[in-house]
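User: Got a minute to go through this one with me? I'd like to talk cysteines and then backbone.

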Amino acid sequence: MSRIAVLTPSIPERGPMLAQCLVSVAAQTRPPDVHLIHVDHERIGGAASLNRLLVGAVSASCDWIALLADDDLLLPRHLEVLEAAGAEADIVYPYCRVVGRPGFDPNSPFDAERLQRQNYIPGTVLMRTDLACEIKGWRSNAPNGWEDWDAWKRALAAGARFVCVPEVTWVYRFHGSNDSWRAA
C-alpha cells in the first residue's frame with residue numbers, strides 16, 4: 001500500500017475553515033498516512049507553503065501528496081477513490097461540488113491541449129511525490145499567480161500522466177477572499 005500525505009497550506013484568518021477541513025480529512029475511509037499543515041504566519045505565500053509541506057512529505061517517505069486548501073473539504077471517500085485511480089497516473093484529479101459561486105463548474109475531463117490555454121484543473125489533486133520533486137514544486141512567480149496551473153503545465157511537459165475521476169469527492173468553497181474567487 002502506498003503512503004499518502006495530505007498537504008494543507010493555510011493562513012491565520014481561516015482558523016474556523018481550517019478546523020472544518022481537518023475534520024473532513026479525519027473522516028476519510030482511507031486515512032492519510034500523515035496530514036501536514038502549514039499556517040502561513042510569515043506571509044511567505046501559497047507556493048512557498050506547499051514547498052515546505054512537500055519537504056515534510058518526502059521526509060515521511062510518502063509516495064503521494066494530496067493537496068487540500070484550508071477552505072475546501074474532502075468527502076469521506078476522496079483518498080480511497082483517488083488512490084484506486086492512481087495505478088496508471090502521476091496526477092489524479094476528481095470532480096468537485098462548488099459552494100458559494102452559482103454557475104461555476106470546473107469539472108471537466110482531461111485535455112492536454114486545453115491545459116496549455118486554460119487553468120481548468122482545481123488544486124485538489126493526488127500527485128506522485130517524486131513528480132512534485134522533479135518539477136521542483138511550486139513557483140511563487142508563476143504566471144498570473146496561479147501556482148497550481150503552472151505546476152500542471154510543467155508536469156505535463158515532464159511527461160506526467162493525468163487521470164480525471166468523474167466522481168465528486170470534495171467541496172470547493174468560494175467565499176470572496178480566496179484566490180480562486182478572483183482568478184477563476
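User: Let's start with Cys133: buried, exposed or partly exposed?
Analyst: Keep in mind that this is a predicted model. Cys133 comes out partly exposed, at a relative accessible area of 35%.

User: And how many disulfides are there?
Analyst: Zero disulfides, going by a cut-off of 2.5 Å between cysteine sulfur atoms. Cys133 is in no disulfide, and the nearest cysteine sulfur to it belongs to Cys62, 11 Å away.

User: OK, why is Cys164 not bonded to Cys96?
Analyst: Because the two sulfurs are too far apart for a bond: the closest cysteine sulfur to that of Cys164 is the one in Cys96, at 10 Å.

User: Is Cys164 buried or exposed?
Analyst: Buried, with a relative accessible area of 18%. The line for buried is under 20%.

User: Switching to backbone. What's the phi of Arg43?
Analyst: Near 60 degrees, so a positive value in a residue that isn't glycine.

User: Where does Arg43 sit?
Analyst: In the loop that runs between β2 (34-39) and α2 (46-59). Arg43 is partly exposed there, with 48% relative accessible area.

User: What about Ser61, what's its phi?
Analyst: Also positive, about 55 degrees, and Ser61 is not a glycine either.

User: Which loop is Ser61 in?
Analyst: The one between α2 and β3 (64-67).

User: And is Ser61 buried or exposed?
Analyst: Ser61 counts as exposed, at 52% relative accessibility. The cut-off for exposed is over 50%.

Note on methods: Residues numbered from 1 in each chain as written. Predicted model: local features only at pLDDT ≥ 70, side-chain atom pairs only at ≥ 80, totals over all residues. Heavy atoms only, no water. Buried < 20%, exposed > 50% of the residue type's maximum accessible area, 1.4 Å probe, protein only. Helix = DSSP H or I, 4+ residues; strand = E, 2+ residues; numbered from the N terminus.
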